[in-house]
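This report walks a newcomer through the contacts that can be read from the structure shown below. It moves from charged pairs to the place where two chains meet, and then to aromatic rings.

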Amino acid sequence: MICAETAINKIRRDLTVGAAVRWSLAALIVAGMLGGPLMDEAGALAMVLLLGAGGAWVALSLRSVRGSQMAAESSTLIAAGQYEQAERQIAQALESFSIFRTTKLMSLHHLAMLRHAQSRWQESAMLCRALLKHKPAALSGMDRASRLMLAESLLELGDLRGAYENLLALYDQRLPLSEALNLLGVQLSYLGRIGAWQAMLIGLPARVPLIELMPPQASARSHALLALAAKKTGRMELYEWLRRRTELLADVRKLCDDLPILGEAMIVD
Amino acid sequence: MNGASEQFLEIGWLLERSRPRAMGLRLGHAAGLFLLIVLLSAYLSNLGGQAARLVNALWGLAMVGLMGAMLLVSYGAYRKAKTEQQRLICIEELIRLRRWDQAAAMLQQMLCRPMRTLQAHVQALIYLSSVLARYNRFDDAIVVQNYLLENAQLDGGTAYGLRLARAMAMLRQDHLVDADRAISELRRQAVSAGRALPVNGGEQPDSPYSLSAGLALVEMYRDVKTGHPAEAVQTFQSALPALREQLGHRVADAYMLAAQAYDRLGQTAQAQEHYEKATLLTPAVELHRRYPETSGLNEKYRAASWPQEVLS
């Protein structure tokens with residue numbers, strides 16, 4: 001079992017070493033390129049320097065590619081629910097050295113994903129926070145995904161303020177559909193926790209088709225949350241429709257075990 | 001324009017045009033240029049004295065230039081591949097949001113010229129087969145699916161998903177013999193995948209449906225089409241937990257096929273119940289479009305009513 005704190009410390013150390021190696025190699029390559037033409041006697045040495053540094057760069061890049069492949073495989077394993085194998089892959093990815101920042105951060109991101117999938121919210125939140133401190137490139141999408149996981153983990157830990165702040169930060173960004181769906185699910189959970197029933201039912205004609213696109217379990221849970229909101233606001237026809245849909249989509253008892261407030265929506269009066 | 005004169009989503013032409021072009025020639029050019037520089041510099045170095053010093057200086061500059069050019073070319077290629085990837089993500093989202101016309105237009109535009117990577121090409125063709133099926137062009141969809149299954153290197157899950165979609169398209173086109181053969185193959189694959197699973201406290205699935213609810217749906221459709229409603233009902237009953245867990249809202253399809261099967265069996269109360277459940281999840285008109293054989297149910301049974309707040 002990988003300890004979150006150890007992984008965070010290791011990544012921090014590896015990022016520093018990686019940056020030092022990267023800049024050193026870049027300096028050697030530049031020196032090798034300029035050394036030959038500028039100093040007559042140092043031509044051969046410059047060539048050796050250039051080839052050595054270039055070779056080392058290529059070798060370390062290939063090593064980094066292997067690390068990122070391992071990290072990528074782990075996300076498939078997490079999605080398939082094969083957590084033990086995913087843990088092994090991530091451990092290997094964390095151990096492997098990479099000169100590229102994104103590759104190292106990706107392995108930390110996958111560890112956060114794994115802990116999130118295992119419902120180990122404390123560790124997931126700790127890993128996401130550490131990742132966001134390193135400011136991953138926006139282009140990689142890691143920052144958005146980590147913030148979303150952090151919001152959900154904090155919500156599960158009962159830190160409503162922290163969840164709200166992270167949700168708010170996501171509203172400023174343009175999200176791909178899959179992340180927009182995740183955000184909608186977390187947002188409904190958050191609104192349900194704070195009892196903002198009216199807000200949950202705003203824009204239903206657009207919200208319901210989006211909820212239908214969610215993965216089965218998340219879709220059923222969102223339906224149940226909306227049913228609860230409809231019941232709380234006295235919109236009984238809507239409540240009945242949402243409740244019956246929830247029953248068709250998932251095992252209601254399991255849903256209520258996962259999120260006890262749903263019990264109120266699923267009990268037929 | 002050659003492309004403009006082509007029919008919209010003309011399959012043969014798109015398959016031919018979209019194939020990624022080999023990079024061999026460009027690499028050959030670069031290697032040739034590099035060799036030329038090396039030979040030229042060796043020749044000038046041999047002249048000695050002033051010429052050798054000049055060669056050294058030029059060699060350094062050439063290296064800097066070459067590296068700069070390589071960086072620029074790599075960056076350009078990376079940007080183009082990234083753009084292609086983003087367009088594919090956009091197409092995927094349009095398909096999920098059922099904006100078929102926009103997805104089809106983007107696919108036509110993307111596939112009418114060589115794509116940059118094999119992976120993106122495969123992905124685009126998978127999306128194309130979905131769009132063609134939505135437009136009821138099932139024979140074209142089958143052509144694309146066959147092309148992918150025969151020519152592309154696909155992972156097991158993707159290949160299985162494509163075979164499922166192809167079996168469904170064959171059923172829609174009444175290629176019943178081919179469909180039956182394809183379904184038998186799918187069943188064999190699901191059974192052997194189940195056997196290959198590690199045994200942890202006897203957790204091996206006892207039915208192929210627990211691994212593939214899609215297989216259950218295709219088999220139900222085959223049984224409804226070929227007049228075996230009892231078998232369709234039996235499949236539905238045994239696969240319902242898997243259908244619900246794996247298909248999400250598409251479980252409505254299974255309820256609709258079950259309603260059709262119950263209707264054929266003369267069990268009208270059951271047919272009404274399942275028809276209502278199906279239409280509670282998905283509008284009846286969409287389900288009848290997917291399974292034209294069920295359109296007669298529309299007149300016999302009452303669909304679920306949707307609250308106004310959801311419709312408006």
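Over all chains, the count of salt bridges comes to 32, and it should be kept in mind throughout that the model is predicted. Four of these pairs are set out in the table, each with its distance from N to O.

| Salt bridge | N to O distance |
|---|---|
| Glu240(A) and Arg243(A) | 2.5 Å |
| Arg222(B) and Asp223(B) | 3.4 Å |
| Arg290(B) and Glu286(B) | 2.9 Å |
| Glu309(B) and Arg235(A) | 2.7 Å |

In chain A, Glu240(A) and Arg243(A) both belong to helix 12 (residues 236-249), where they stand three residues apart, about one turn of the helix. The two partners differ in how they are covered: Glu240(A) has a relative accessible area of 33% and is partly exposed, whereas Arg243(A), at 6% relative accessibility, counts as buried. In chain B, Arg222(B) and Asp223(B) are both buried.

The pair of Arg290(B) and Glu286(B) lies in helix 14 (residues 284-290) of chain B, and because the two are four residues apart there, about one helical turn separates them. Both of these residues are buried. They also belong to a wider arrangement, since salt bridges that share partners join Arg250(B), Asp253(B), Glu286(B), Arg289(B) and Arg290(B) into one network.

**Where chain B meets chain A**

The contact between the two chains draws on 32 residues from chain B and 31 residues from chain A, and the area buried between them is about 2,900 Å², of which 64% comes from carbon and sulfur atoms. Across this interface there are two salt bridges, one of them joining the side chains of Glu309(B) and Arg235(A), and seven residue pairs are in polar contact, with both residues at pLDDT 80 or more. On the side of chain B that touches chain A, at least two residues each are supplied by helix 4 (50-96), helix 11, helix 12, helix 13 and helix 16. Helix 4 of chain B gives the largest share of that side, 12 residues. A charge and a ring also come together from the two chains, for the charged end of Arg245(A) sits over the ring of Trp306(B), 5.1 Å from its centre.

**Aromatic rings and a buried histidine**

Seven aromatic pairs are found over all chains. In one of them, the ring centres of Phe236(B) and Tyr255(B) are 5.3 Å apart with the planes at 70°, and the pair is therefore edge-to-face. Phe236(B) is in helix 11 (residues 229-247) and Tyr255(B) in helix 12 (residues 251-264) of chain B, so that the pair ties together parts 19 residues apart in sequence. Both rings belong to buried residues, with relative accessibility of 3% for Phe236(B) and a relative accessible area of 4% for Tyr255(B).

A tilted pair is formed by Tyr275(B) and Tyr301(B), at 6.2 Å centre to centre and 45° between the planes. Tyr275(B) lies in helix 13 (residues 268-281) of chain B, while Tyr301(B) lies in the loop between helix 15 (297-300) and helix 16 (308-311), so this pair ties together parts that are 26 residues apart in sequence. Tyr275(B) and Tyr301(B) are both buried.

Helix 13 of chain B also holds His274(B), which counts as buried at 7% relative accessibility. Leaving aside residues up to four places away in sequence, His274(B) touches Phe236(B), Tyr255(B), Ala258(B), Ala259(B) and Tyr262(B).

Terms used
Residues numbered from 1 in each chain as written. Chains lettered and ligands numbered in written order. Heavy atoms only, no water. Phe/Tyr/Trp six-rings, centres within 6.5 Å; stacked < 30°, edge-to-face > 60°. Buried < 20%, exposed > 50% of the residue type's maximum accessible area, 1.4 Å probe, protein only. Lys NZ or Arg CZ within 6 Å of the ring centre and 35° of its normal. Contact = heavy atoms within 4.5 Å. Buried area = accessible area lost by both parts, 1.4 Å probe. Salt bridge = Lys/Arg side-chain N within 4 Å of Asp/Glu carboxyl O. Polar contact = N/O pair within 3.5 Å; in protein donor to acceptor, adjacent residues only side chain to side chain.
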